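Welcome! Here are some short exercises, each with a worked solution, to help you find your way around a new structure. Keep the viewer open as you go.

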Amino acid sequence: MRIGIVSTCQFSMFSGGLANTTMAILETMKVLGNDVTLINTNASVEWYDDVKALKKEVNVVTIDKTITYYEDKFDLIIELVPFFESEKQRTVFSKKNIFVFRKGILIPTIEYSLYPVILQKYNFEGISEIWCFDIFSNSDEVQILETLTRKPVYTMPYMWTPSIVETHRHEHGMPLWLQMYDSLAEKATEWSPHICETNSTSSSSCTLPMLMMRQAKLSKFPFSKYKIHNSDQIKNSDFFKDNVLRHCSTEDLSGEFVGRQRLVDFVFEPKSCILSHVRFIPFKPMLLELAWCGIPFIHNSEVLNTIPIFERYYYPNNKISVGVEKLHMMENDLHERKGWFSLENLTN
């Protein structure tokens, strides 16, 4: 079967979860014996800004909405991003179309109803069915999707691929975090924590991790500064400065506001670690990228709490005190080579 995966090539492959979902579904369909093509909807670029070597492994075509005839139609197109505006437009390229929601539907729908900033418009004319990942979509969300789309909705197992991370590591000769730490003649005494929430949705905010940083400093966790990523939209906000930042400050501790960064590159930073916090969602794909490179993090993901080693660094809900305990455990584990810092565990 000839299958096309509709996605958008833009920015870094690490700038969001779309690129990994695209590659995971593409690789899965290949394993099942299909002829698979990545259909890029961004006419201004042929590939992403990085991981160039992976392009050699993928058949990529670029389309735009001016095309009215496509000679070799696909048997099936799987849409990961909104692009087609009518059933007629879909039939130009394929015999059957399926749309995939890679995230949950409930929280975005609520947020967009309160803050109408959504830039993408969905059209489901000519769509045969909707697919969504089981860990992000409970029965209520499936019902919401069925109501909104008027299409049959099916859940499928969550898919993630290490191909992007592994290709990037090979291109740049990147070691694992532990290998980098062990190669340093002089070991860093202080940790370098990072807060990498998106700060653009209620499900991903830096607020609680920042409060955790304050409490960690008061409890003598060895660090003196930390970085808050994806912070352009909050750092100049008076509300944020007066109601969040001011209450997270303490003596001899500073937080630096920075933009986006490839998280896997933290392997080059001595004693880097990540404080992850989710609300209303069970999991963040970026945590698998960190784990694959052995970059230590603490988290409150219910999904990862069911997996050995991951559960060791889990704190429940909004429990700041438990999160701080996990940071201290991480420090002890590094010296005793337990948890994240056991080569056997990393291999597993």
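**Exercise 1. Which strand pairs with strand S1 (residues 2-7), in which sense, and over how many bridges?**

Before the solution, some ground rules. This is a predicted model, in which local features need pLDDT of at least 70 and side-chain atom pairs count only at pLDDT 80 or more, while totals for chains, interfaces and linings use all residues. Residues are numbered from 1 along each chain as its sequence is written, and side-chain values use heavy atoms, with hydrogens and water left out.

Step 1. Learn the names: helices (H or I, at least four residues) and strands (E, at least two) are DSSP runs, numbered from the N terminus. Two strands pair if DSSP finds at least two bridges between them.

Step 2. S1 pairs with S2 in the parallel sense, over six bridges. Look for Ile 5, which stands opposite Leu 38 in S2.

Step 3. Follow the chain from S1 through H1 to S2: this β-α-β crossover is right-handed. The term means that, with the strands pointing away from the viewer, the path from the first strand over the helix to the second runs clockwise.

**Exercise 2. Continue outwards from S2 and find out how many bridges join S2 to S3.**

Step 1. Strand S2 covers residues 35-40 and runs parallel to S3, with three bridges joining the two.

Step 2. Leu 38 has Val 60 of S3 as its bridge partner, and Ile 39 has Val 61.

Step 3. Check how covered S2 is: five of its six residues are buried, where buried means under 20% relative accessible area, exposed over 50% and partly exposed in between (1.4 Å probe, protein chains only).

**Exercise 3. In what order do the seven strands of the open sheet stand?**

Step 1. The order is S3-S2-S1-S4-S5-S6-S7, with parallel pairing.

Step 2. Strand S3 (60-62) and strand S7 (153-156) are the edges; each has a single partner strand, so one side of each is left without a neighbour in the sheet.

Step 3. On average, neighbouring strands of this sheet are turned by 30 degrees against each other, direction ignored. Axes here are lines fitted to C-alpha atoms, for helices over the stretch in contact, and angles run from 0 to 180 degrees between N-to-C directions.

**Exercise 4. Trace the surroundings of strand S6, and say how many of its seven residues are buried.**

Step 1. S6 is mostly covered, with six of its seven residues buried.

Step 2. On one side, five bridges join S6 to S5 in parallel, and Phe 99 has Ile 130 of S6 as its partner.

Step 3. Four bridges join S6 to S7, also in parallel. Here Ile 130 is partnered by Val 153 of S7.

Step 4. Now add helix H4 (residues 139-149), which lies across strand S5 (97-101), strand S6 (127-133) and S7, at about 140 degrees to S7. Together, S6, H4 and S7 make a right-handed β-α-β unit.

**Exercise 5. In what order do the strands of the five-stranded open sheet stand?**

Step 1. The order is S10-S9-S8-S11-S12, and the pairing is parallel. Strand S10 (254-257) and strand S12 (297-298) stand at the edges with a single partner strand each, so one side of each lacks a neighbour in the sheet.

Step 2. Strand S8 (residues 192-195) is joined by four bridges to strand S11 (residues 272-275). His 194 stands opposite Ile 274 in S11.

Step 3. Helix H7 (residues 207-218) lies across S8, strand S9 (225-228), S11 and S12, running at about 160 degrees to S8.

**Exercise 6. Which helices do the buried residues of H5 pack against?**

Step 1. In helix H5 (residues 163-172), Ile 164, Val 165, Thr 167, His 168 and Arg 169 are buried.

Step 2. The buried residues of H5 pack against helix H1 (18-31) and helix H9 (286-292), where contact means heavy atoms within 4.5 Å.

Step 3. Just after H5 comes Gly 173, whose phi is positive, near 60 degrees.

**Exercise 7. Step back: how many helices and strands does the protein have?**

Step 1. The protein has eleven helices and twelve strands.

Step 2. Buried residues make up 49% of its 348 residues.

Step 3. The C-alpha atoms fill a box of roughly 65 × 45 × 35 Å, taken along the principal axes.
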